[in-house]
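The following paragraphs offer a guided reading of a molecular structure for those who have not met it before. Please keep the sequence and the model in view while reading.

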Amino acid sequence: MTGKPTEDAVPAAPTHGSTSPGDRWAAAHHVSWTRTATGTVAVLHFAHPVPHVLNEPAATVWELLAGDQDADPDGSTRTETSQNDEEPGTRPRTLDELAEGFLSRTSFIGSAPEADELRAGLLHVLHQLELTGVVRRTADR
Amino acid sequence: MNTPAEHTPEPASPGAPGTSAKAEVDLETRIRLSHGLVDHTLQQAGIRALHVKGYAAATIFPPERSSSDVDVVVDPTRTDAALDALQNAGWELVTGYDEGSIFRHAATLWHAHLGYVDVHRHLPGFRARPAEVFEALWDRRTVVDVAHWPCPVAAPLDHVLIIVLHAARNPSRGKQDVDHVLSGLTGAQRATLQRSVRDWGAEDPWLVATGEDLGADPSQVRVWQAVHDDADRATLLSARLHAARTPARKLRVLAAAVVVNRAHLHMALGRAPRRRDYLREYRRRIAAVATHVREGS
C-alpha cells in the first residue's frame, strides 16, 4: 500500500521506556497512576479497579511503595522535609502495618465492600514487593 | 457525549484521616487511569487495540485539551470479543455497535468508577475495508504512556488523519482540532497524508474537514456536511437518501430513520423510555420522512 510515511516525514514519536521506580512498579503490578489536578496521586490497581487518591506527596508514596527514599515517579529530587517522618516507635514495621498506615492516609471512592477489595489489592501488591525485597528495606529502616 | 443521569458517578467528600472515606476523583484522572485498564483488559483477552484521540494523542493535541472518554479501535475480527472482555471486567454496555451513530461504528460502555469507553470496530470516513485500515495502522503503531501505562497508538501522521476525519463529524471542536494538527506539518508530511486519504478512500470527510478536494464524491460530501453541521433530522435524511445508490440501500436508510433507537432515547431522557416517549419519537421521525417526501429532495 502506498502512502507509508518515510522516516524523514514522520514527526518524532514518543518512545516508551521510562525507568523511574514508579513506572517499574506500575508495569510489574498492573497498576496505572497519575497526578490529579490538586497534586495528589491517583492509583488504579487493575485487579481491583476502584481508583484511590493518595493524599500524600508523591515522594512519600514511592518511599512506601518502592522503598527508594530519593525516588520520585518523575525523577525529581525529594524535598528535605518528609511528610512520612514519624516518631520512633510509631513507624510501621510489619507488612500489614505498612499497608494499614498507607491506607489510613488515602481517600477513595466507594462503599465499604469496595474498600475491602482495595485493601486486598493493595496488600497483594505489597506482598509482591516484599518478595522482591523492596518493601522489606522500607520496613526495616 | 451526554451523560445519562444514572451514569453520573456519585460525588463524595473526603473524610477524616484514618477513615475509609470517599473522595472525588476528577474526570481527567479517571479517564487517564481508564486507558491502562482498558488496554490491560483487552491484552489479557488477546485483542489488539489502538488508543486514539484524547489523552492517547497528547503529543498531537494541545496540552490543555481535555477528554471525556477513552477511544480505542479494535481488531475488526474481534469486535464482539472486545465487548465481552470489557463487560467481564466491569464495564456496562450502553449502546451497541449498530446503535451509536449513523456510521454504526462504535459501541459505548460505562464503568461505574471510571467512566466511558468507546470501542470502535471501524473508523468512519474510510472507504477501504476496516481490516485493511486496521492492519496498516497496527503495523505502523507506536506507544504513548497514559497514566504510566504503555498504550499502543497510531503513528503520528496516521493519528493526525484519524483526528481530521473525526473533526468532519464533530461540530463542536472540529475546526480547532484540524487547524492545530495540520499546522506545522511539512510539505512532505502533508503529501503523505494526502496519499493516505486517497489510498483509503477518505476524500469525502477530508473535504468537509479541511476544505481540500482530493476527488470527493459530492453526494457523500453532502452527508458528511450534514453531520458536520449537526443538521436537522430531515436534512440528514435527505442527504443519506440522495447518497444511497440502490433502492435496497434507500429502503435501509428509511427504515433506520423511522425505527426508534432505544439506547439513544434512553440516554437523551436520562431514564428508561416510556410508551409515550416512544410514540413521541416515532412521530418526530415520521415527520422527518414526510418532510423529505414533501420537499421532493
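Arg48(B) counts as partly exposed, because its relative accessibility is 24% and the buried class is reserved for values under 20%. The model in which this residue is seen is a predicted one. Arg48(B) takes part in a salt bridge with Glu135(B), and the closest N and O atoms of the two are 2.6 Å apart. This pair links distant parts of the chain: Arg48(B) belongs to the loop between α1 (27-44) and β1 (49-52) of chain B, while Glu135(B) belongs to helix α3 (residues 130-139) of chain B, 87 residues apart. Glu135(B) is also partly exposed, with a relative accessibility of 31%. A further residue enters the picture here, since Arg48(B), Asp75(B) and Glu135(B) are linked in a network of salt bridges. In general terms, side chains of opposite charge can pair when their charged atoms come close.

Over all chains, the structure holds 16 salt bridges. Another of these pairs deserves attention. The side chains of Glu212(B) and Arg190(B) meet in a salt bridge, with a distance of 3.4 Å from N to O. Glu212(B) lies in the loop between α7 (203-210) and α8 (218-228) of chain B, and Arg190(B) lies in helix α6 (residues 187-199) of chain B, so the salt bridge ties together parts that are 22 residues apart in sequence. Glu212(B) counts as partly exposed at 22% relative accessibility, and Arg190(B) likewise counts as partly exposed, at 27%.

A salt bridge also joins Asp277(B) to Arg271(B), where the closest N and O atoms are 2.7 Å apart. Are the partners in this pair buried or exposed, wholly or partly? Asp277(B) has a relative accessibility of 3% and therefore counts as buried, whereas Arg271(B), at 26%, counts as partly exposed. Asp277(B) is found in helix α12 (residues 275-295) of chain B. Its side chain reaches the backbone nitrogen of Arg274(B) at 2.6 Å. When residues up to four places away in sequence are set aside, Asp277(B) touches Leu265(B), Leu269(B), Arg271(B) and Ala272(B).

The next residue to consider is Ser67(B), whose place is in the loop between β1 and β2 (69-74) of chain B. Ser67(B) counts as buried because its relative accessibility is 9%. What does Ser67(B) touch, not counting residues up to four places away in sequence? The residues in question are Leu27(B), Ile31(B), Gly54(B) and Tyr55(B). The C-alpha atoms of Ser67(B) and Glu28(B) are separated by 6.9 Å, although the two residues are 39 residues apart along the chain. A polar atom of the Ser67(B) side chain lies 3.0 Å from the backbone oxygen of Asp69(B).

The reading ends with a helix. Helix α4 (residues 156-167) of chain B has 12 residues and reaches 16 Å from its first C-alpha to its last, which is close to the 16 Å expected at 1.5 Å a residue. Because 12 of the 12 residues of α4(B) are buried, this helix is largely enclosed by the rest of the structure. Among them are Pro156(B), Leu157(B), Asp158(B), His159(B) and Val160(B), as well as His166(B) and Ala167(B).

Key. Residues are numbered from 1 along each chain as its sequence is written. Chains are lettered from A and ligands numbered from 1 in the order in which they are written. This is a predicted model: local features need pLDDT of at least 70, side-chain atom pairs count only at pLDDT 80 or more; totals for chains, interfaces and linings use all residues. Side-chain values use heavy atoms; hydrogens and water are left out. A salt bridge is a side-chain nitrogen of Lys or Arg within 4 Å of a carboxyl oxygen of Asp or Glu. Helices (H or I, at least four residues) and strands (E, at least two) are DSSP runs, numbered from the N terminus. Buried means under 20% relative accessible area, exposed over 50%, partly exposed in between (1.4 Å probe, protein chains only). A polar contact is a pair of N or O atoms within 3.5 Å; within protein, one must be able to donate a hydrogen and the other to accept it, and residues adjacent in sequence count only if both atoms are side-chain atoms. Contact means heavy atoms within 4.5 Å. The expected span of a helix is 1.5 Å times one less than its number of residues.
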